[in-house]
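The following report concerns a pocket, the helices beside it and the pairing of strands. Please read it alongside the sequence and the structure shown here.

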Amino acid sequence: MSQQPILRVLDHADTALHPAYCEYVSRVFSQANFRRWCEWGQWAPGYRAYSLFEDGRVVANASTMRQRLIVDGEEILAFQFGAVGCLPQRRGHGLARRAMRAALDGCGDAPALLFANDSVLEFYPRFGFAPAPQSRFEAAHAVAPAPARAPQRDLADAEVRERFLALAARAAPPGRRFASRDYGRTATWYAANGYAPPLFEVDADTWVFAEEQGAALTVEDVFAAEPSHAALAAALPRLIAGPVDTLRFGFDPQALWPQARPAGADDDAGLFLRGIDPARLGPHSRFPVLART
């Protein structure tokens with residue numbers, strides 16, 4: 001067995017090595033399915049995996065996804081990290097650190113962000129990442145269902161996926177404080193893994209991920225050419241089967257729904273920033289859930 005795994009930087013064109021990467025992800029992140037996302041043709045330019053190979057398999061990795069971030073009204077190029085880890089039997093040898101350093105070198109001076117779970121919160125500050133607390137948002141708002149719901153779309157359908165990605169590429173972010181643009185392929189990852197809520201096509205220029213739970217409606221994300229409070233208010237009755245009195249949001253809704261208020265910490269977020277001052281986000285922010293990797 002090699003004592004020094006070989007670093008390979010995988011992109012969308014390295015299809016012969018994608019199966020090894022997918023196998024790594026399934027072993028380290030048991031609830032993630034990269035195979036289906038790849039089968040959907042979603043590994044595209046902008047996503048790179050800095051993978052350490054040993055005997056033909058990936059033993060450690062750090063991946064980056066190019067992001068068009070909106071931070072305090074300014075659009076910047078950044079990279080989001082994901083799939084960072086190491087096979088359990090190879091831990092303790094600094095392999096994940098080696099993959100992280102390679103990925104950071106690949107990002108140059110560009111800012112970076114990532115989301116971490118509770119088990120690795122001490123790992124990322126070693127690489128210059130600082131925690132940035134996130135908030136949940138909700139608003140009291142009574143809505144009665146419309147006579148007919150908006151049609152629900154399935155991203156497993158290639159034609160639906162193509163139309164969704166075309167809209168996502170030109171959609172405007174629903175907020176300007178902390179958001180992202182053109183992250184449709186990240187949203188398809190959630191759909192491929194079964195994590196995305198129902199997707200509704202309100203009209204050709206407005207698609208909404210939303211889920212009704214009792215008397216509450218969670219608007220997870222809005223992909224719209226011209227998002228507005230009035231357009232979302234008009235769409236809400238078409239997203240529900242029964243009356244609701246509470247709205248929850250998977251993104252910072254202050255621009256789109258100013259009545260929303262912080263409703264506690266988003267303890268599942270675990271956001272870390274590198275090269276971005278968390279103070280620029282204000283005391284309460286929420287990066288779109290479906291833009292996270």
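Seventeen is not the whole story of the second largest pocket: of its 17 lining residues, P45, M65, R66, D182 and R185 lie nearest its centre. A pocket is an open set of points on a 1 Å grid over the protein atoms alone, where a 1.4 Å probe fits, with protein on both sides within 12 Å along at least five of seven lines; lining residues have an atom within 4 Å of a point. The model is predicted, so local features need pLDDT of at least 70 and side-chain atom pairs pLDDT 80 or more, while totals for chains, interfaces and linings use all residues. Residues are numbered from 1 along each chain, and side-chain values use heavy atoms, without hydrogens and water.The space in this pocket is about 370 Å³, a volume filled by probe spheres set on the points, which are joined across faces, edges and corners. Strand 3 (57-71), helix 4 and helix 5 each give two or more residues to the lining, and strand 3 supplies the largest share, four residues.

Helix 4 (residues 158-170) and helix 5 (residues 184-192) pack at about 140°, with axes 9 Å apart. Helix 4 is therefore oblique to helix 5 (neither under 35, over 145 nor 65 to 115 degrees). R161, F164, L165 and A168 of helix 4 meet G184, R185, A187 and T188 of helix 5, contact being heavy atoms within 4.5 Å.

Strand 7 (residues 135-143) pairs with two strands, as tabulated; pairing requires at least two DSSP bridges.

| Partner of strand 7 | Bridges and sense | One bridge pair |
|---|---|---|
| Strand 13 (residues 244-249) | five, antiparallel | A140 and T246 |
| Strand 14 (residues 261-265) | three, antiparallel | E138 and R261 |

Key
Axes are lines fitted to C-alpha atoms, for helices over the stretch in contact, and angles run from 0 to 180 degrees between N-to-C directions.
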